[in-house]
Amino acid sequence: MTVFYPHPTLDITLVSAKENTFTDDQNRTYLDFESGIWCANIGHNPEPLVQIYTSQSQKLIHHHSYFKNHAVQRLSAQLLAISSFDEGAALFLSSGSEAVLFAITVAKTLLQNAKCVSLENSYLGAYPTMVSDESDHIQMPFTKCDPKCDENNDIVCECCPHVPDALKYLKEPFIFILELGSQEGKLIFPTQKLIHYIHQKNCIHKGLLVCNEITSGFGRTSEWFAFNHYNLKPHLIALGKGLGNGFPISAILMDQQIYKDPKLMHLKYAQSHQNDPLGAEIAYSATQMIIQNNLIAKSKDISYYFIDRLTQLIHQYSSLVELRGKGLMLGLVCDHSATAIALQQHLLEHQIFVGCVSVHAIVRFFPPMTMSKQEIDILIDKIHLFLANNKSSL
Ligand SMILES: Cc1ncc(COP(=O)(O)O)c(C=O)c1O
């Protein structure tokens, strides 16, 4: 008997996790700079959440989709208030992939035959069949985005020269599916200019804006949502990961215009765990913890400190090329893939877990918002140790 893993794995077996760490079956405790897989934004198993798991699982975990429960009502009100969708509605599912696909499905139900527009390499669901037809889908090519480009007045810049051409013939409403920051692990945040250019076209044609905030939401970029950095007002938001802080719950938030559209009545969808009360209680409490402990503002301070320390490393070592990202969604670009892989391995040997996007030579840091400056110092010291012993350093 064995387990099938359709992805790379390490030969480390975990038995527990607490706050910013996890522990393996050899009793080795690691600092977790990946927050599980970008979910545990408030740290692993905080005590108030453990209590909610216990109390709610003694009351009601799950029920038939014919019934309602108070937990989802309360969570819905909380999330709609945070996203200023006061008269809107929310649906709760299990995975982020499902939430993205459902949000696109809603948009396509309302805007039948509309084309989808997204930035190149955006995540469009585990099986991106909804928008896979090329004639139906325009992908905005952009290879990098230099924030300095926002300082000049050109409509587009050398980062995204083909955007006007790609949108030239679009004269009808379209669905702008926006995922900010990841771009398949490249960690590129587009310029304000690029996003506003596409968004304005979309507004002129009365299209819809769908924001995928699965990874970038819940304080990951030191704002509630990454679209807050761009001052956008989406029609639909897909949430997951940080929503349940590791518990599998996702959400689709829709604004009033979407929710009240009569075409939505024709959309039928059923899933065994939609609107389950256990997940809803956990997500409500995790979100309350962010609010009550002022974690987003605090994480901004941690992020500035982290960015500062990483930037110093870049100045010191030639094997580090560039720092990308926002908030606590950061990536250090190395000179070669081999450097990034070796650095990840070195940190693991020192009981620090970081991500690695080897194709782009990036070492990734997506820590919980509760990660302390002292814990960041431990990481930085170990990176120094690696780079100082690495032949390619200055
Ligand atoms: C931007 C984005 N959207 C959606 C997903 C899918 O979420 P899930 O793994 O919960 O299905 C991911 C997963 O990493 C993601 O990064």
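This is a short tour of the structure in your viewer, stop by stop.

The model is predicted, so a local feature is described where pLDDT is at least 70 and a side-chain atom pair where pLDDT is 80 or more, while totals for chains, interfaces and linings use all residues. Residues are numbered from 1 along each chain as its sequence is written, and side-chain values use heavy atoms, with hydrogens and water left out.

**Stop 1: the whole chain**

Show the chain as a cartoon. The chain has eleven helices and 15 strands; these are DSSP runs numbered from the N terminus, with helices being H or I runs of at least four residues and strands E runs of at least two. The radius of gyration is 21 Å, close to the 21 Å that the globule rule gives for 394 residues, so the chain is as compact as a globular protein of that length. Here the radius is taken over C-alpha atoms, and the rule is 2.2 Å times the number of residues to the power 0.38. Turn the C-alpha trace around: along its principal axes, the trace spans about 65 × 60 × 45 Å.

Now switch on the surface. About 18,700 Å² of the chain is exposed, and carbon and sulfur atoms supply 54% of that area. Accessible areas come from the Shrake-Rupley method with a 1.4 Å probe, and for residues only the protein chains shown count as cover. Of the 394 residues, 54% are buried. Buried means under 20% relative accessible area, exposed means over 50%, and partly exposed lies in between (1.4 Å probe, protein chains only).

**Stop 2: the ligand**

Select the ligand next. Which residues surround the ligand? They are Trp-38, Ser-95, Gly-96, Ser-97, Tyr-123, Glu-179, Asn-212, Ile-214, Thr-215 and Lys-241. A residue belongs to such a shell if one of its heavy atoms lies within 4 Å of the molecule. By class, the shell has three nonpolar, five polar and two charged residues. In this scheme Ala, Val, Leu, Ile, Met, Phe, Trp, Tyr, Cys and Pro are nonpolar, Asp, Glu, Lys and Arg are charged, and the others, Gly among them, are polar.

Three atom pairs are worth zooming in on:

- Gly-96: a polar backbone atom is 2.8 Å from an oxygen atom of the ligand.
- Asn-212: a polar side-chain atom is 3.0 Å from a nitrogen atom of the ligand.
- Lys-241: a polar side-chain atom is 3.3 Å from an oxygen atom of the ligand.

The ligand on its own has 390 Å² of accessible area, and the protein covers 79% of it.

**Stop 3: Ser-122**

Go to the loop between strand 5 (115-119) and strand 6 (137-140), where you will find Ser-122. Its relative accessibility is 11%, so Ser-122 counts as buried. A polar atom of the Ser-122 side chain lies 2.6 Å from the backbone oxygen of Leu-119. Leaving aside neighbours within four places in sequence, Ser-122 is in contact (heavy atoms within 4.5 Å) with Glu-179 and Gln-183. You have already met Glu-179 in the shell around the ligand.

**Stop 4: Ile-42 and Gln-274**

Select Ile-42, in the loop between helix 1 (35-38) and helix 2 (47-59). Is Ile-42 buried or exposed? With 7% relative accessibility, Ile-42 counts as buried. Apart from neighbours within four places in sequence, its contacts include Leu-49, Asn-245, Ala-286 and Met-369.

Then move to Gln-274, in the loop between helix 7 (256-259) and helix 8 (277-292). Gln-274 is buried too, with a relative accessible area of 13%. Beyond its neighbours within four places in sequence, Gln-274 is in contact with Ser-65, Leu-91, Phe-92, Leu-93 and Tyr-269.

**Stop 5: Lys-108**

Select Lys-108 in helix 4 (residues 96-110). Lys-108 is buried, with a relative accessible area of 17%. Now add Ile-175: the two are 67 residues apart in sequence and 7.8 Å apart in space, C-alpha to C-alpha.

**Stop 6: two positive phi angles**

Most residues other than glycine have a negative phi. Gln-351, which is not a glycine, has a positive phi of about 60 degrees. Look for Gln-351 in the loop between helix 10 (337-349) and strand 13 (352-353); it is partly exposed, with a relative accessible area of 27%.

Finish at Ala-361, whose phi is also positive, near 55 degrees. Ala-361 sits in the loop between strand 14 (355-357) and strand 15 (362-365), and at 7% relative accessibility Ala-361 counts as buried.

Conventions. A polar contact is a pair of N or O atoms within 3.5 Å; within protein, one must be able to donate a hydrogen and the other to accept it, and residues adjacent in sequence count only if both atoms are side-chain atoms.
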